[in-house]
Structure formats: C-alpha cells, structure tokens
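Thanks for sharing this one. Here are my notes, set out as numbered points so that you can follow them with the viewer open.

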Amino acid sequence: QVQLVESGGGLVQAGGSLRLSCAASGRAFSSYVMGWFRQAPGKEREFVAHINWSSGNTYYGDSVKGRFTISRDNAKNTVYLQMNSLKPEDTAVYYCAARQAGKSKYDYWGQGTQVTVSS
C-alpha cells in the first residue's frame with residue numbers, strides 16, 4: 001500500500017523558514033515524479049514544485065521560484081520542501097503527491113500539513 005506522509009508544517013513569522021518532509025513507502029518511486037501542491041481556504045489547489053526522483057530535475061511554480069527548494073533523499077525515500085522568505089500568502093495546506101514520469105495525473109496523495117505564516 002502506497003503511503004505519502006507529510007510533516008514539518010507549523011506556524012512561522014513572515015520572513016522565516018520551514019522544511020516540509022514527505023516520507024514515501026509502499027513501492028519503488030525511482031520512475032516517479034514527486035510534487036508539492038498547496039491549497040489555501042477558498043482557493044484552487046496550486047502547484048508548488050516537483051522533482052524527478054531518478055534524474056533529480058526540478059521545476060517550480062512562479063510564486064515560489066527563488067524561495068523554495070525541492071530535494072530528495074534516496075536512502076530515506078523522502079522528499080523535502082525547503083521554504084525560505086515565507087510570506088503570509090504562503091499560508092495553506094501543503095500536499096505531497098506522486099505520478100509516473102511522463103504522465104500528467106498524480107496517482108498518490110498525502111494527507112497534507114498546515115503551514116501558517118503570520119505577518
């Protein structure tokens with residue numbers, strides 16, 4: 001059974017940093033792309049970043065480019081999202097997700113972790 005478990009969310013002041021983790025289990029993810037998404041109350045889900053597990057290639061949404069960094073630790077089967085220079089508009093539930101490389105649909109989702117940035 002595939003599981004994606006996020007952790008690391010919390011309350012932080014504007015300008016601060018947080019690191020989210022996504023522990024993946026239940027299958028081999030070497031041919032997968034791991035993504036981070038977020039959803040604020042009353043808003044559509046927004047793409048944040050993704051990383052190709054095999055190649056390490058990354059891609060970011062415009063709103064986080066230059067502030068957030070996605071990475072993975074193969075030995076721990078964990079994907080990270082380092083978030084710096086946080087803004088109140090970054091407040092959202094952050095979700096980890098996985099899709100097969102070359103496909104557009106994300107097959108697996110975590111339960112989400114809340115990030116709140118105070119001004």
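1. In this predicted model, the largest nonpolar core is made up of 29 residues. Inside this core, the residues with the most contacts are M34, W36, L81, M83 and Y94. Two or more residues come from each of strand 3, strand 4 (32–39), strand 5 (46–52), strand 7, strand 8, strand 9 and strand 11 (113–118). As background, nonpolar side chains in soluble globular proteins tend to be buried together.

2. M34 is a good place to start looking at that core. This methionine sits in strand 4, and its relative accessible area is 0%, so M34 is buried. Beyond its neighbours within four places in sequence, M34 is in contact with L4, A24, F29, A49, H50, I51, W53, I70, V79, C96, A97 and A98. For A98, the C-alpha atoms of the pair are 4.6 Å apart in space, although M34 and A98 are 64 residues apart in sequence.

3. How many disulfides does the structure hold? There is one, and it joins C22 to C96 with an S to S distance of 2.0 Å. The link is left-handed, with -75° about the S-S bond. C22 belongs to strand 3 (residues 18–25) and C96 to strand 9 (residues 92–100), so the disulfide ties together parts that are 74 residues apart in sequence. Both C22 and C96 are buried. You will have met C96 already, as one of the contacts of M34.

4. Next, the aromatic residues. Eight aromatic pairs turn up when the whole structure is searched. One of them is F29 with Y32, an edge-to-face pair at 5.5 Å centre to centre, with 70° between the planes. Are these two residues buried or exposed? F29 has 3% relative accessibility and Y32 has 2%; the cut-off for buried is under 20%, so F29 counts as buried, and so does Y32. F29 is also among the contacts of M34.

5. A cluster of aromatic residues deserves a look as well. F37, F47, Y59, Y106 and W109 are linked into a cluster by ring pairs. One member, F37, has R45 lying over its face, at 5.8 Å from the ring centre.

6. T78 is a polar residue to check in detail. It is found in strand 8 (residues 78–83), and with a relative accessible area of 9% it is buried. What does its side chain reach? The partner is the backbone oxygen of K76, at 2.9 Å. Leaving aside neighbours within four places in sequence, T78 is in contact with S21, C22, A23, W53, S71, R72 and D73. That list includes C22, one half of the disulfide.

7. T91 makes a useful second threonine to inspect. It lies in the loop between strand 8 and strand 9, and at 21% relative accessibility T91 counts as partly exposed. Its side chain has two backbone partners to look at: the backbone nitrogen of V117 at 2.8 Å, and the backbone oxygen of P88, which lies 2.9 Å from a polar atom of that side chain. Apart from neighbours within four places in sequence, T91 is in contact with A40, Q114, V115, T116 and V117. P41 is 50 residues away from T91 in sequence, with 9.1 Å between their C-alpha atoms.

8. Finally, please look at the backbone of two loop residues. Most residues other than glycine have a negative phi. N77, however, has a positive phi near 55°, and S85 has a positive phi of about 50° although it is not a glycine. Where do they lie? N77 is in the loop between strand 7 (68–73) and strand 8, whereas S85 is found in the loop between strand 8 and strand 9. N77 is partly exposed, with a relative accessible area of 24%, and S85 also counts as partly exposed, at 42% relative accessibility.

Note on methods
Residues numbered from 1 in each chain as written. Predicted model: local features only at pLDDT ≥ 70, side-chain atom pairs only at ≥ 80, totals over all residues. Heavy atoms only, no water. Helix = DSSP H or I, 4+ residues; strand = E, 2+ residues; numbered from the N terminus. Buried < 20%, exposed > 50% of the residue type's maximum accessible area, 1.4 Å probe, protein only. Polar contact = N/O pair within 3.5 Å; in protein donor to acceptor, adjacent residues only side chain to side chain. Contact = heavy atoms within 4.5 Å. Phe/Tyr/Trp six-rings, centres within 6.5 Å; stacked < 30°, edge-to-face > 60°. Lys NZ or Arg CZ within 6 Å of the ring centre and 35° of its normal. Disulfide = S-S within 2.5 Å. Core = buried A, V, L, I, M, F, W, Y, C linked by side-chain atoms within 4.5 Å.
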